[in-house]
Amino acid sequence: MAKPRRRRLRRLAVAQAAAPWLTPGKQHLARCILNSFERAFGRPLLAGGDGAGSPHAPQELFAADTVVLAHDGGADPALIYANAAALQLWERPWAELISMPSRLTAEPQERADRARMLATALRQHASEGYTGVRISKSGRRFQIHNARLWTLWGPGDQPCGQAAAFSSWWWL
């Protein structure tokens, strides 16, 4: 009788495990994404939200219809954030997409254009209007349209990565 109970308790523990995007570090990152966007574009990323200071801001960002991704500031930047819309579009779970080199979100022939766009956005700290082709895990290609890119600002007002958001895309 103890064996079935242990299994049931384990299942409960798994079902109640915290979502990785709601860990304290990722909540801080979500607020950084929102604050940095507002700094770059002078308007909030999430329409109708309570702002980055809201206790619900990380959940609102994760659940937003707008696709949002962020990568760190390394030489070969790795993804550090993806909301549910991004996970669905790239057909990858959180654990697989986060820490993946962000260049792998595009096909090899698209990476040079992507790198130029990111370099421009880094110099200017913000850029709007980017259009490019990306690829999902299953190989489905899609075009993003009018993407916004911006610098993430960390402690001491130092750049610590970049983020991108877009609401317009279609399958090719």
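This is a short tour of a predicted model, stop by stop, with a selection to make at each one.

**The whole chain**

Start with everything shown as cartoon. The protein has six helices and six strands. Colour from the N terminus and follow the order: α-α-α-β-β-α-α-α-β-β-β-β. Of its 172 residues, 44% count as buried. Now turn on contacts. Among those with a separation of 6 or more, 47% join residues 24 or more positions apart. Add a surface. The accessible area is about 9400 Å², and carbon and sulfur atoms hold 54% of that.

**The core**

Select I33, L45, L61, Y81, W90, W150 and L152. These belong to the largest nonpolar core, a set of 45 residues, and they touch the most other members. Helix α2, residues 24–41, supplies the largest share of this core, with seven residues. As background, nonpolar side chains tend to be buried together in soluble globular proteins.

**Helix α2**

Keep residues 24–41 on screen. How far apart are the end C-alpha atoms of α2? They are 26 Å apart, and this agrees with the expected span because 18 residues at 1.5 Å a residue should also give 26 Å.

Next, pick out the buried positions of α2: K26, L29, A30, C32, I33, L34, S36, F37 and F41. Look at their spacing along the helix. An α-helix has 3.6 residues a turn, so residues three or four places apart point the same way. I33 appears here as a buried residue of α2, and it was also on the list for the core.

Step just past the end of α2. There G42 takes a positive phi of about 70 degrees.

**The largest pocket**

Select H71, G74, P77, L122 and Q162. Of the 15 residues that line the largest pocket, these lie nearest its centre. Its volume is about 180 Å³. Show β1 (67–72), α6 (111–124) and β5 (159–166), the elements that each give two or more residues to the lining. Which of them gives the most? It is α6, with five residues.

**Two backbone oddities**

Go to S99, in the loop between α5 (94–97) and α6. Its phi is positive, about 85 degrees, although S99 is not a glycine. Is S99 buried or exposed? Its relative accessibility is 54%, so S99 counts as exposed, the cut-off being over 50%.

Finish at N146, in strand β4 (residues 141–153). N146 is not a glycine either, yet has a positive phi of about 60 degrees. With a relative accessible area of 41%, N146 is partly exposed.

How values were computed:
Residues numbered from 1 in each chain as written. Predicted model: local features only at pLDDT ≥ 70, side-chain atom pairs only at ≥ 80, totals over all residues. Heavy atoms only, no water. Helix = DSSP H or I, 4+ residues; strand = E, 2+ residues; numbered from the N terminus. Buried < 20%, exposed > 50% of the residue type's maximum accessible area, 1.4 Å probe, protein only. Contact = heavy atoms within 4.5 Å. Areas by Shrake-Rupley, 256 points an atom, 1.4 Å probe, with all protein chains shown as cover. Core = buried A, V, L, I, M, F, W, Y, C linked by side-chain atoms within 4.5 Å. Expected span 1.5 Å × (residues − 1). 1 Å grid on protein atoms, 1.4 Å probe; cavity = no way out; pocket = protein on both sides within 12 Å on 5 of 7 lines; lining within 4 Å. Points joined across faces, edges and corners; volume = space filled by probe spheres on them.
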